[in-house]
Structure formats: structure tokens, C-alpha cells
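Open the model in a viewer and keep the sequence panel visible. The stops below say what to select and what is there.

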Amino acid sequence: MTRDPLMTRTPVPTRTPLTTRAVRLGPRSLLTLALVSAVGVAAFGWPFLAPPTSQVGIHTQDAPWLFAGLLVLLVAVVAAAIAESGLGPKAVAMLGVLAATGAALRPIGAGTAGIEPMFFLMVLSGRVLGPGFGFVLGNVTMFASALLTGGVGPWMPFQMLAMGWFTMGAGLLPVPARARGRTEVGLLAAYGFFAAFAYGTVMNMAGWPFLGALASDIAFDPHAGVPANLARFLAYCVATSLGWDLGRAVVTVVLTLTLGPALLRALRRATRRAAFEAQVTFEAPGR
């Protein structure tokens, strides 16, 4: 008995291997993200970028609002560009769940002694879902938490951008995708420790130039050079935020080491079931 040749050519649906990247950054998204980051660097670091003879310091009362409005618009453009790169409905649902969870975790410690458990969730999410998803997640989470806690103000865009960088950095870590277990968790804990200090330092730069006469010895001096202002800024960080940054770093490390392995598995399992970027193809049997 001969077999019908058509039977051997019946296409069978198969799926391509799944990835754990919810957002694939295209050239336009990368360019827009680079532009927003460049504006963010200027917004945070203008005291060190402007020469002593610059008249920028005269508008210290206007600068926070101008930077805030500009950053909100640019971050919105980045989110839209990343969405156009493939942020499908399943990825949007994942984004909403993680952002809501992060926003709910933030008020737990209310910033007391740096007890901010949301940071470890951002680190793990950025690692599993990639830098593009991480940047959007950091922005959305900080925006949602500001609405939840009533922390809306000219500082909010700076928090959104800083958290976007914080979460994106975890997705850019050079650990191979196959690296699992203690090596990956240890690297994420180390990243969370140093990134927690970096986040606090960056956020200090958003408010430090506007102290005025409240703290003359550590406030920004528009007539001083970069070395003098850098010394003042370091003194300001030590005097005002070092304890909070240390607490944030320690909490992030402890939560990453204790809850990290289980949460990483859960995030990867959810990503596989959501089938981000999985495409159906048809192949004949036997190929």
C-alpha cells in the first residue's frame, strides 16, 4: 500500500525558540533612547557642565519645571518608540502587573532608612525581560508610585528617568543568557548594591543646585569651578543621603539573594507562557 504523497507534505505548525526579551529595540528606539538619556545627563549634570560665567544659575527657580516638562515629553516619546518595536498585548499585561507590584512595594518602607523593596524587583525584571522593557518598566513604575503616594512634583521626571536607567542597566549586564544559579544571582546582587548608590547620587544632583543659602558650605556655587562644586556635592551626598543609599543597597542585596532565585524562575516561566516574540511557522513532517 502506497502512501499519498500529499500526506507527507502536510504542514505542521511549530514555534520558533522563545526568547526572554519582551521588547526588541530597533534603530529608531535606540536613537530616541540615546537622545533622552543625553537630555537627562544634561538635566542632572548641568551644574558641572555649565561654565562659571554661565547665566544658567540665575534661573534656578525655573529650571526644575522646565527640565520636568521636557523630560516627561521625551520619556513619553521613548515609550511610544519602544511600543512600536513590538510591545504586544501580552507584554503590556506583564508591564502592568510588574509596575503595579513595584508601585505597591514602594510605600512599604516609605523611604525610611532606605527600606525600598521595589528596587530588587526592578533589577530582576530588567535582567529577565531586557533593557528595553526595563527602561519602560522603570518609568511606568515610578510614575504609578508617585500617583499612589502623592509624590508628584518637579522631581518626578528625574525619578522616572533615573529608575529607567537603573532597571535598564540590569538588562545590559554581560552575563550569558545560559548563566543561571548562584553566579547570576550574585551578579544581580552586586549590581543592585552599586546601582542603589548610583540612583541616590543621581537623584541628589536633581535637587542639590537649588539649596541656595540653606546650606552654604555644601550648596552649589555658580561662581565656583567644577572641582570646588564636585567637593561640595560629595559633601552634600555624605551629609544627607549616604545612610539612605546604604540602607537601599543592603535591602536590595538581601532580597535579591533570598528571593531572587524563585522570582527569576517565576518571571522566566511567565515570559515563556506569554510566548513573547514566538512566531508560528509551518514545516513538513520529517524535516
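Three accessibility classes are used on this tour: buried means under 20% relative accessible area, exposed means over 50%, and partly exposed lies in between, with a 1.4 Å probe and protein chains only. The model is predicted, so local features need pLDDT of at least 70 and side-chain atom pairs count only at pLDDT 80 or more, while totals for chains, interfaces and linings use all residues. Residues are numbered from 1 along each chain as its sequence is written, and side-chain values use heavy atoms, with hydrogens and water left out.

**Whole chain**

Colour by secondary structure. The protein chain has 8 helices and 2 strands; helices (H or I, at least four residues) and strands (E, at least two) are DSSP runs, numbered from the N terminus. Read from the N terminus, the order is β-α-α-α-α-α-α-α-α-β. Of the 287 residues, 45% count as buried. Contact here means heavy atoms within 4.5 Å. Among contacts between residues at least 6 apart in sequence, 84% join residues at least 24 apart.

**Helix α5**

Select residues 156–171, which make up helix α5. This helix has 16 residues and reaches 23 Å from its first C-alpha to its last, close to the 22 Å expected at 1.5 Å a residue; the expected span is 1.5 Å times one less than the number of residues. Because 15 of its 16 residues are buried, α5 is largely enclosed by the rest of the structure.

Within α5, pick Ala162. Ala162 has a relative accessible area of 5% and is buried. Apart from neighbours within four places in sequence, Ala162 contacts Phe44, Tyr199, Val202 and Met203. Now measure from Ala162 to Gly200: the C-alpha atoms are 9.1 Å apart, across 38 residues of sequence.

Move to Phe166, which is buried at 4% relative accessible area. With neighbours within four places in sequence set aside, Phe166 touches Phe119, Met122, Val123, Tyr191, Ala195, Ala196 and Tyr199.

**Nonpolar core**

A nonpolar core is a set of buried Ala, Val, Leu, Ile, Met, Phe, Trp, Tyr and Cys residues joined through side-chain atoms within 4.5 Å. In soluble globular proteins, nonpolar side chains tend to be buried together. The largest core in this model has 55 residues, and Phe44, Leu98, Met163, Phe166 and Tyr199 have the most contacts inside it. Helices α1, α3 (89–109), α4 (118–149), α5, α6, α7 and α8 (242–274) each supply at least two residues of this core. The most come from α4, with 15 residues.

**Aromatic pairs**

Show the rings of Phe, Tyr and Trp (its six-membered ring): two rings pair if their centres lie within 6.5 Å, and planes under 30 degrees apart count as stacked, over 60 as edge-to-face and the rest as tilted. The count comes to 12 aromatic pairs. One of them is Trp46 with Phe220, edge-to-face, at 5.6 Å centre to centre and 75 degrees between the planes. This pair links distant parts of the chain, 174 residues apart: Trp46 is in helix α1 (residues 27–49), and Phe220 is in the loop between α6 (182–207) and α7 (226–240). Both Trp46 and Phe220 are buried.

Return to Phe166 and add Tyr191: the ring centres are 6.0 Å apart and the planes are at 45 degrees, so the pair is tilted. Phe166 lies in α5 and Tyr191 in α6, so the pair ties together parts that are 25 residues apart in sequence. Tyr191 counts as buried at 19% relative accessibility.

For a cluster of rings, select Trp46, Phe48, Trp208, Phe220 and Phe233, which are linked by ring pairs.

**Largest pocket**

Which residues lie nearest the centre of the largest pocket? Select Gln159, Met203, Asn204, Ser241 and Arg248, which are among its 18 lining residues. Two or more lining residues come from each of α4, α6, α7 and α8, and α6 gives the most, with 5 residues.

**Helix α8**

Finish on helix α8. Trp244 lies in this helix and is partly exposed, with a relative accessible area of 46%. From Trp244 to Gly200 the C-alpha distance is 8.2 Å, with their positions 44 residues apart in sequence. Val254 is also in α8, and at 45% relative accessibility Val254 counts as partly exposed. Val254 and Gly192 are 62 residues apart in sequence and 10.0 Å apart in space, C-alpha to C-alpha.

Notes: On a 1 Å grid over the protein atoms alone, a cavity is a set of points where a 1.4 Å probe fits but cannot get out, and a pocket is an open set with protein on both sides within 12 Å along at least five of seven lines; lining residues have an atom within 4 Å of a point.
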